[in-house]
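Okay, hi everyone, thanks for coming. I'd like to walk you through one structure today, so have a look at it while I talk.

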Amino acid sequence: MSQEVDLTDQLQARREKLKMLMEKGIHPFGGRYERTHDTKEVRSLYASFSEEELEEKNSPVVMAGRLMAKRRKGKAGFADIQDFSGKIQLYVRKDNVGDEQYDIFKHIDIGDFVGVEGTVFKTRVGELSIKVTRFGILSKALRPLPDKFHGLKDVEQRYRQRYLDLIVNPEVKRTFILRSQILKAMRDYLDDLGYFEVETPTLHSIAGGAAARPFITHHNALNIDLYLRIAIELHLKRLIIGGFEKVYEIGRVYRNEGIDTKHNPEFTLLELYAAYDDLRDIMELTENMIGAIAKKVLGKTKITFEDHEVDLAPQYRRVHMVDAIKEVTGVDLWPHLSDKEARELAAEHGVEVSENMTYGHVVNEFFEQKVEETLVQPTFVYGHPLVISPLAKKDPKDPRFSDRFELFILGREHANAFSELNDPIDQRKRFEEQMKEREAGNDEAHVIDEDFLEAMEYGMPPTGGLGIGVDRLIMLLTDSSSIRDVLLFPLMRPKEDH
RNA sequence: GAGCCACUAGCUCAGGGGUAGAGCAUCUGACUUUUAAUCAGAGGGUCGAAGGUUCAAAUCCUUCGUGGCUCACCA
């Protein structure tokens, strides 16, 4: 093997140090190490004391972490170690640790894991530090870390090697801690309301519950193709039928679509269903929950995203889709129009539509092309055309529309909800219409799910349902402009060179 | 899928036809309260890949790769 020859100077130097340690009888990939404190604990326990007080206390600690910086000055030196909770400075003196350990300190590399024993003190300039009495290596890093000052900026490398990003870019770690807190706040909020968390299959024999292209896979033993789920909807509704009155799932869904700053092929969806509720209840739940999560995690509801200020405190504006279109474009789509008249109106106003679109599709196109991006403050848009809402109840006052809303913030869809259709006869008809769309070339139209229809025929209570794109909510709350910044390992094309 | 931009040392970046540069990091030496430590010296590059133009290409052209942004798609 010519591997050794290919190594750069830095990699060679580290391998030589590894060899040196082993020759000294030190195993550079050690085992269990019992710490007494992490850096956060040391700071909260000792930061408030003066130099003299700490001297007097002479408090012993055992700590471990990754070496992030080293400032050697002859027979003594300083180093910074980092653990999950933060960084702390070490002060290592030859006359405190002895020749042998000081020699290890001299040759230790940035990136190595070290374990130290010592006492807490403050330096002349007041920095809380550990005066090391025992110094050892816990694990050797054979590759150098990115620049300690500039961090890792290369976007591709940050996503491909997220561990490096997390080591050197503290704000990245903060985002993912917030992500975890947001999820926890969401669960706490729903659990407190009596919602029941479940897990349903992600392998589906029919990709239903949303309009999207699925990923296809294969089960060998059953010799059947399966789909990764594109929504959670139809299983949770089966549970509503089964008597779970308030139920939710937070889980991954997979859509075989393009990748951009707002889309990743797998993403996290919250779906919840509440028996006996309708659209209005779900609106209130949605705005209350989002407001509560912001308050709990950020301590405020007024947030800044890029250059915009957005207030997530309830109540959010509510507007019918047709009224919203009228507001923005001046076009009144309330009168009954034939499909052809609707398409002509669209053409007149620069709204792109295709031949086979009906009145309902045209209304939707008007909204998406003209209105969506204008909705900056949280806004519930309700009354979506029935043809694009095959799982929602019909508006009893106007059968062209449905009891559905979407929540828009900063021009982006954040939630989608219905008064759920619970009439199995109507549901079959809607599915059949979807199948017609499918045959006409819309490969994202819903397919008939006979098993789900059968379940509904046993009786489904009136139900309100909600879906929230969790990653987008996290983007909003962490001021992240790309979905990749809130996903630990966003999907990337595999690298070929190793 | 289309347009624009980027790709140079481990990392962050200069250099835009004429011998490949800096800071950090690395190596050697000095330094016992420094903190982007300091000082002195040294090493490190197939300039994303392949073609082309040219006496001469990191630099200009073409194709390809990877990524970013915008658009399209994603109700």
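I'll start with the RNA, then go on to the nonpolar cores, and finish with a little sheet.

One thing up front: this is a predicted model, so please keep that in mind as we go.

Right, the RNA. How many residues surround RNA strand B? There are 52, and the closest are Val125, Lys148, Ala211, His263 and Glu368. If you look at the RNA's side of things, sugar and phosphate make up 54% of the strand B atoms that come within 4 Å of the protein.

Now let's zoom in on three arginines, each with a polar side-chain atom beside a particular part of the RNA. For Arg93, that atom sits 2.9 Å from a base oxygen of RNA strand B. For Arg160, the partner is a sugar or linking oxygen, at 3.1 Å. And with Arg493 we get to a phosphate oxygen, 3.0 Å away. So that's base, sugar or linking, and phosphate.

Which elements give two or more residues to the surface near RNA strand B? On the helix side we have H2 (9–23), H6 (155–160) and H13 (359–371), and the strands are E1 (60–73), E2 (76–83) and E3 (86–93). The largest share is from H6, with five residues. And what sort of residues make up this surface? You'll find 24 charged ones, 16 nonpolar and twelve polar.

Okay, away from the RNA and on to the cores. The largest nonpolar core has 44 residues. Met186, Leu190, Leu270, Leu272, Ile293, Leu312 and Leu466 are the ones with the most contacts inside that core. Helix H10, residues 279–298, gives the largest share, nine residues.

Let's pick Leu312 and see what it touches. Skipping neighbours within four places in sequence, Leu312 is in contact with several residues, including Glu287, Ile290, Gly291 and Ala294. Pro378, Ile409, Leu476 and Leu477 are also among its contacts.

There's a second, separate core too, with 25 residues, and Val61, Leu90, Phe135 and Ile137 are among them.

Last stop, the little sheet. Three strands form an open, antiparallel sheet, and the order is E7-E9-E8. Which strands are at the edges? Those are E7 (203–204) and E8 (216–219), each pairing on one side only. Between E8 and E9, which covers residues 224–228, there are four bridges. If you want a spot to click on, try His218, which stands opposite Asp225 in E9.

That's it from me, thanks!

Key:
Residues are numbered from 1 along each chain as its sequence is written. Chains are lettered from A and ligands numbered from 1 in the order in which they are written. This is a predicted model: local features need pLDDT of at least 70, side-chain atom pairs count only at pLDDT 80 or more; totals for chains, interfaces and linings use all residues. Side-chain values use heavy atoms; hydrogens and water are left out. Two strands pair if DSSP finds at least two bridges between them. A residue is near a molecule or strand if one of its heavy atoms lies within 4 Å of it. A polar contact is a pair of N or O atoms within 3.5 Å; within protein, one must be able to donate a hydrogen and the other to accept it, and residues adjacent in sequence count only if both atoms are side-chain atoms. Ala, Val, Leu, Ile, Met, Phe, Trp, Tyr, Cys and Pro count as nonpolar, Asp, Glu, Lys and Arg as charged, and the others, Gly among them, as polar. A nonpolar core is a set of buried Ala, Val, Leu, Ile, Met, Phe, Trp, Tyr and Cys residues joined through side-chain atoms within 4.5 Å. Buried means under 20% relative accessible area, exposed over 50%, partly exposed in between (1.4 Å probe, protein chains only). Contact means heavy atoms within 4.5 Å.
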